[in-house]
Amino acid sequence: MDLTNSTRPAVSSSSSVPLSLALVVASDREGRFAPVLADWFLSRLAEREDFAVTVVDLAEVELPTSLSYDPSPAVRAELAEVTPALEAADAFVVLTPEYNHSFPASLKNLIDRHYTEWQAKPVGFVSYGGISGGLRAVEQLRQVFAELHAVTVRDTVSFHHPHGQFDEDGRHKDPAGAEGAAKTLLDQLAWWGHALRDAKSVRPYGA
């Protein structure tokens with residue numbers, strides 16, 4: 001059988017177009033360490049041309065914890081600040097601390113107020129905490145995002161006792177390991193981001 005003139009339609013690739021990446025900074029706690037880690041991670045992203053980044057900082061979003069199918073005008077106004085960024089994203093990185101073996105209520109609140117915005121998109125994690133480095137929070141988030149039809153990438157960037165790893169100017173004291181982990185995470189996120197974006201351009205995802 002001659003397959004040289006196959007009639008199979010060609011699948012166009014958009015790999016030359018940067019992925020829209022939403023960096024979700026989960027902590028809204030007073031005195032949080034999250035901005036130091038966010039700035040460090042953004043410096044890693046600044047060295048890449050395959051991502052266009054939007055930051056969603058939950059310390060700057062005031063969403064009540066009570067959910068409603070008919071939110072008030074004030075809540076709608078807050079959602080108008082974050083929902084478009086999630087909808088437009090091709091991929092996500094969630095930067096989360098670990099509080100009492102889990103992730104912050106502010107993050108669960110954001111997640112639960114959205115559904116289709118997460119679907120068929122990859123999610124990576126940067127975590128921090130005590131001896132666990134936030135990994136218990138990440139493992140719980142994997143189950144949550146699976147329910148939302150998102151794909152979580154395997155490798156993470158995690159910081160145990162992060163205050164001691166950065167100097168007073170926010171520079172990592174021994175960056176090689178963390179930078180290597182960030183590259184691995186972003187490489188995996190880019191692969192999944194392009195694969196899923198290309199797939200959805202051919203066939204819309206149906207949950």
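In the predicted model, the largest nonpolar core (buried Ala, Val, Leu, Ile, Met, Phe, Trp, Tyr and Cys residues joined through side-chain atoms within 4.5 Å) holds 29 residues, of which Val-24, Val-94, Leu-107, Ile-111, Trp-118, Leu-141 and Phe-145 touch the most other members. Two or more residues each come from strand E1 (19–25), helix H2 (73–88), E3, H3, E4 and H4; helices (H or I, at least four residues) and strands (E, at least two) are DSSP runs numbered from the N terminus. A second, separate core of 27 residues includes Ala-38, Val-153, Val-157 and Leu-185. Numbering starts from 1 along each chain as its sequence is written. Local features need pLDDT of at least 70 and side-chain atom pairs pLDDT 80 or more, while totals for chains, interfaces and linings use all residues, and side-chain values use heavy atoms, without hydrogens or water.

Helix H4 (residues 135–147) has 13 residues and spans 19 Å between its first and last C-alpha, close to the expected 18 Å (1.5 Å times one less than the number of residues). Ala-137, Val-138, Leu-141, Arg-142, Val-144 and Phe-145 of H4 are buried (under 20% relative accessible area, 1.4 Å probe, protein chains only). These buried residues pack against strand E3 (91–97), helix H3 (105–112), strand E4 (122–129) and strand E5 (151–152). His-149, with a positive phi near 65°, follows H4.

Leu-141, in helix H4, has a relative accessible area of 0%. Beyond four places in sequence, its contacts (heavy atoms within 4.5 Å) are Val-94, Thr-96, Phe-103, Leu-107, Ile-111 and Phe-125. Leu-141 and Val-94 lie 47 residues apart along the chain, with 9.5 Å between their C-alpha atoms.

Conventions: Buried < 20%, exposed > 50% of the residue type's maximum accessible area, 1.4 Å probe, protein only.
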